[in-house]
Amino acid sequence: PRYPVPEKLTISGLMNHVYNGAFGVVVPLTIARDAQPGVMDIAVKAQWLACTDEICVPESGELKATVRIAANGQDESYDIDRWLRHLPAPLDAPAQFAMSGNTIRLGIPLPASVKLADPHFFIAEDKVAAYATPQEFRRKGDLLVVTLQRPQFAAAPQVPRFSGVLRLDGEGNGIAIRAEPGTVPQGGEPVAGAEPAAPALPALPLLLLGALLGGATALNFVLY
């Protein structure tokens, strides 16, 4: 499943990654080569958390949809472009990270011309970073250096690589990265507008919470 860029929700010092309002999860589907033209029913069992700004409640259900298989030479199109536009774009250059003590420094190749507003890095791997702690963002030319705090417990794993999504702004724009161990420079100019901590969202209707990036505990699959 491919998820759009999430938002942050912090409750009692615990951060979850959430979606507020309509969103789509894009699920790749492979059709057998010998499939006959017609209608095929598909279904998925889903688990998610529905949240207010004070509490999250686990929910589940079975989602169903139909796919029409076209005959050879015919085109059967589906309107998923609006959902695809919200997916984070893959980074076309490798990122690197370095662990030192209780911190992880992540070097992301990002042109200095790319504007950042309230950036946040959503790490995918579980228990590698402390999700609710402040994140530091600095620029060194065309390199964005992100400093993450490690969890304060002995079982925090060492990882050969990790992945995640860098949120660029509050408009849902972001990039998906994969990072390998390497050298990440110190210093740099602080990014203006970066939030030092993850604030809780204001009172909201129910939020659908997708645990796509390790900050939560359940997966939310939606078919369109």
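This section describes the nonpolar cores, the disulfide and the salt bridges of the structure. The model is a predicted one, and a convenient place to begin is its interior.

The largest nonpolar core contains 26 residues. Those with the most contacts inside this core are L106, I108, F121, L144, F162 and L166. Strands contribute to the core as follows: β6 (95-100), β7, β8, β10, β11 and β12 each provide at least two of its residues. In soluble globular proteins, nonpolar side chains tend to be buried together.

F162 offers a good view of these surroundings. Leaving aside neighbours within four places in sequence, F162 touches F97, I104, L106, F121, I123 and I177, and its contacts also include E125, R178 and A179. The next stop is S163, which is placed in strand β11. With a relative accessibility of 14%, S163 falls under the 20% limit and therefore counts as buried. Once neighbours within four places in sequence are set aside, the contacts of S163 are F121, F122, I123, A124, E125, I177 and R178.

A second core, separate from the largest one, has 5 residues, among them I11, V18, L49 and C51. C51 also leads to the disulfide, of which the structure holds 1. The partners are C51 and C56, with their sulfur atoms 2.1 Å apart. The torsion about the S-S bond of C51 and C56 is about 110°, so this disulfide is right-handed. What is the relative accessibility of each partner? C51 has a value of 0% and so counts as buried, whereas C56, at 21%, counts as partly exposed. The 20% limit for buried residues explains the assignment of C56, because 21% is not under it.

Attention now turns to charged side chains. Side chains of opposite charge can pair when their charged atoms come close. The count comes to 5 salt bridges in this model. One of them joins R167 and D118, whose closest N and O atoms are 3.0 Å apart. This pair links distant parts of the chain, with R167 in strand β11 (residues 162-167) and D118 in the loop between β7 (103-109) and β8 (120-123), 49 residues apart. R167 has a relative accessible area of 7% and is therefore buried, while D118, at 26%, counts as partly exposed. The pair does not stand alone: K8, D118 and R167 are linked in a network of salt bridges.

Another salt bridge brings together the side chains of E180 and R161, at 3.4 Å from N to O. E180 belongs to strand β12 (residues 174-181) and R161 to the loop between β10 (143-149) and β11, so the pair ties together parts that are 19 residues apart in sequence. Both residues are partly exposed: the relative accessible area is 38% for E180 and 48% for R161.

A further salt bridge is found between K64 and E62, with their closest N and O atoms 3.8 Å apart. Is each of these two residues exposed or partly exposed? K64 has a relative accessible area of 65% and is exposed, while E62, at 45%, counts as partly exposed. The cut-off for exposed residues is over 50%, which is why K64 and E62 fall into these classes.

Definitions and conventions: Residues numbered from 1 in each chain as written. Predicted model: local features only at pLDDT ≥ 70, side-chain atom pairs only at ≥ 80, totals over all residues. Heavy atoms only, no water. Disulfide = S-S within 2.5 Å. Buried < 20%, exposed > 50% of the residue type's maximum accessible area, 1.4 Å probe, protein only. Salt bridge = Lys/Arg side-chain N within 4 Å of Asp/Glu carboxyl O. Helix = DSSP H or I, 4+ residues; strand = E, 2+ residues; numbered from the N terminus. Contact = heavy atoms within 4.5 Å. Core = buried A, V, L, I, M, F, W, Y, C linked by side-chain atoms within 4.5 Å.
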